[in-house]
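Q: I should like to learn how to read a protein model, one feature at a time. Could we begin with the strands and then go on to the other features?

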Amino acid sequence: MFDLDRWQEIFSSIRSNVLRTVLSGFTVALGLFIFIVLFGIGKGLQNAFTEGFARDAQNLISIFTGKTTVAYKGLQSDRTVTMNNDDYDFLVGTDKEKVGYATPRYTANLMVKYGKESGNYQINGADTEEKYIENRKILEGRYLTPTDLERKQNVAVIGRMVQRDLIKNGSPIGKDLDINGTMFKVVGVFSDDGGDWDERHITIPISTLQQMKKGSDTVSTVYIAYNDKLTPQEAIKYGDELKDKLKARKSVSPDDENGVRVWNNAQNMNDTFMFMAVLTGIVGFIGLGTLIAGIIGISNIMVYIVKERTKEIGVRKAIGAKPKSIVALIVQESVVITVVSGFVGVGLGVLALSLIGSRLEEFFIKDPHVGWGDIFMAFLALVFSGFIAGFVPAYRASKIKPIEALRTE
């Protein structure tokens, strides 16, 4: 491997046949370049889809009610269906082992004032687990506690944009907000990946908001983050069970799609996983195809190289060269070309992805990149292929008798 004379012969052969060497290396470099770029873009698509689901809990089931569209059990259509605290307890208690986090929510748009500043904001009555449902991050203070709900405390957790709009200077913790004529003490500030709209929400205990609404026990929405051990299929079935049981409880026809509505992220995730599986398969097929094309390219060129050097091989054998030295020379040349070209392909591919960066986010391609492990495996596959591509024709040529090799035109 470290025979100086052999290395000199290899570089002499490369210098004497520049076009042949460039063509050999081009197929390898191009194969790795396309492989890296395609897989990087595929990863960018996966990142974009994952981020789309990360705004709220990925394993979220949202349950709403509306007006019925089908008469049922003697009840007319166009009937408003509402949920209450007992319905929330019923839904969560249906199969507690399948529940990760859950919260009821009662929503109202109310006037909020602080000093001379004021504005209408969405007030969410919820419980302590809302922060997990919404994937909220506490920037200052705390979130709601069980004591807040039990005692119907006048406390509020405000979004980052509410703080910016109303409490412009200093920490908002401990400040008092006037919410529809009732004073609430700010106990926390949150950020939300949903953006400015979600950060203009204010959360207070649902028991407090229901009390403000003349002792109502109304629940606008039920959010259940199912146990993440459930498969998408199991989670879809669980969501359907919740819908059917709530319809039966509220005397809503099984055929009515508006009286009780369920939005199940598991269905979206299942569709997304299927799409990503197909996309990954296509990208993988094309990427592997380019690698195979590189392998075939260098194999064909090495066959041509060996055939072109058949007479040279005959001369070497005639003056006493051993078959294994002839094989080693050709294989080493093949591997050298493959390794150098592979490094070029890797460098260009990584450079291309870094130049793409965030420029394709509008096309749902975010942070395209390929792991070094994948690159190394592809590189290793090409180097091994280069070894085989050189070994097979070289081994066959080494078995030719010198007289036959010298007669070759």
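A: Let us begin with a strand and its cover, noting that this is a predicted model. Strand β1 (residues 60-65) is mostly covered, with five of its six residues buried.

Q: Which strands pair with β1, and in what sense?

A: Pairing is read from the bridges between two strands. β1 pairs with strand β11 (residues 221-226) in the antiparallel sense over four bridges. With strand β12 (residues 260-264), β1 also runs antiparallel, and five bridges join the two. Ile61 is a useful residue to locate here: Ile224 in β11 stands opposite Ile61, and so does Asn264 in β12.

Q: How many residues of strand β4 are buried?

A: The general approach is to consider cover and pairing together. In strand β4 (residues 117-126), seven of the 10 residues are buried. Strand β3 (residues 99-114) pairs with β4 in the antiparallel sense over nine bridges, and Tyr106 stands opposite Gly125 in β4.

Q: What do β3 and β4 form, and how many residues lie between them?

A: They form a hairpin, with two residues between the strands. Gly115, in the turn, has a positive phi of about 60°.

Q: In what sense do β4 and β9 pair, parallel or antiparallel?

A: β4 and strand β9 (residues 201-205) pair in the parallel sense, over five bridges. Asn124 stands opposite Thr203 in β9.

Q: How should one read the span of a helix, for instance α11?

A: One compares the span with the value expected from the number of residues. Helix α11 (residues 323-356) has 34 residues, and the distance from its first C-alpha to its last is 49 Å, close to the 50 Å expected at 1.5 Å a residue. Gly357 follows α11 and has a positive phi, near 45°.

Q: Which residues make the nonpolar surface patch?

A: A patch is read from its members and its area. Phe384, Phe387, Ile388, Phe391, Val392 and Tyr395 make a nonpolar surface patch of about 520 Å². Phe391, one of these residues, lies in helix α12 (residues 372-398). Its relative accessible area is 32%, so Phe391 is partly exposed.

Q: Is the protein chain as a whole spread out or compact?

A: Overall form is considered alongside the inventory of elements. The protein chain has 13 helices and 12 strands. Its radius of gyration is 34 Å, well over the 22 Å that the globule rule gives for 409 residues, so the chain is more spread out than a compact globule. The C-alpha trace spans about 110 × 55 × 30 Å along its principal axes. Of the 409 residues, 45% count as buried.

Q: Is Val219 buried or exposed?

A: Burial is judged from relative accessible area, with under 20% counting as buried. Val219, found in strand β10 (residues 218-219), has a value of 2% and is therefore buried. Ile206, in helix α7 (residues 206-212), is buried as well, with a relative accessible area of 6%.

Q: How many salt bridges does a search of the whole structure find?

A: The search finds 15 salt bridges. For each one, it is useful to read the separation of the atoms and then the exposure of the partners. Asp148 forms a salt bridge with Arg142, and their closest N and O atoms are 2.7 Å apart. Asp148 counts as buried at 3% relative accessibility, whereas Arg142 is partly exposed at 33%.

Q: Where in the chain do Arg160 and Asp196 lie?

A: The side chains of Arg160 and Asp196 meet in a salt bridge (3.8 Å, N to O). This pair links distant parts of the chain, 36 residues apart: Arg160 is in helix α6 (residues 160-166), and Asp196 is in the loop between β8 (182-191) and β9. Arg160 counts as partly exposed at 35% relative accessibility, and Asp196 counts as partly exposed at 40%.

Q: What does the salt bridge of Arg200 and Asp165 tie together?

A: The side chains of Arg200 and Asp165 meet in a salt bridge (3.0 Å, N to O). Arg200 lies in the loop between β8 and β9 and Asp165 lies in helix α6, so the pair ties together parts that are 35 residues apart in sequence. Arg200 counts as partly exposed at 28% relative accessibility, whereas Asp165 is buried at 19%.

Q: Which residues do salt bridges with shared partners join into one network?

A: Arg105, Glu130, Glu134, Arg136 and Asp192 are joined into one network in this way.

How values were computed:
Residues are numbered from 1 along each chain as its sequence is written. This is a predicted model: local features need pLDDT of at least 70, side-chain atom pairs count only at pLDDT 80 or more; totals for chains, interfaces and linings use all residues. Side-chain values use heavy atoms; hydrogens and water are left out. Buried means under 20% relative accessible area, exposed over 50%, partly exposed in between (1.4 Å probe, protein chains only). Two strands pair if DSSP finds at least two bridges between them. Patches are made of residues with over 30% relative accessible area and no salt bridge: like charges are joined within 9 Å, nonpolar side chains (Val, Leu, Ile, Met, Phe, Trp, Tyr) within 5 Å. Accessible areas come from the Shrake-Rupley method with a 1.4 Å probe; for residues, only the protein chains shown count as cover. A salt bridge is a side-chain nitrogen of Lys or Arg within 4 Å of a carboxyl oxygen of Asp or Glu. The expected span of a helix is 1.5 Å times one less than its number of residues. The radius of gyration is taken over C-alpha atoms; the globule rule is 2.2 Å times the number of residues to the power 0.38.
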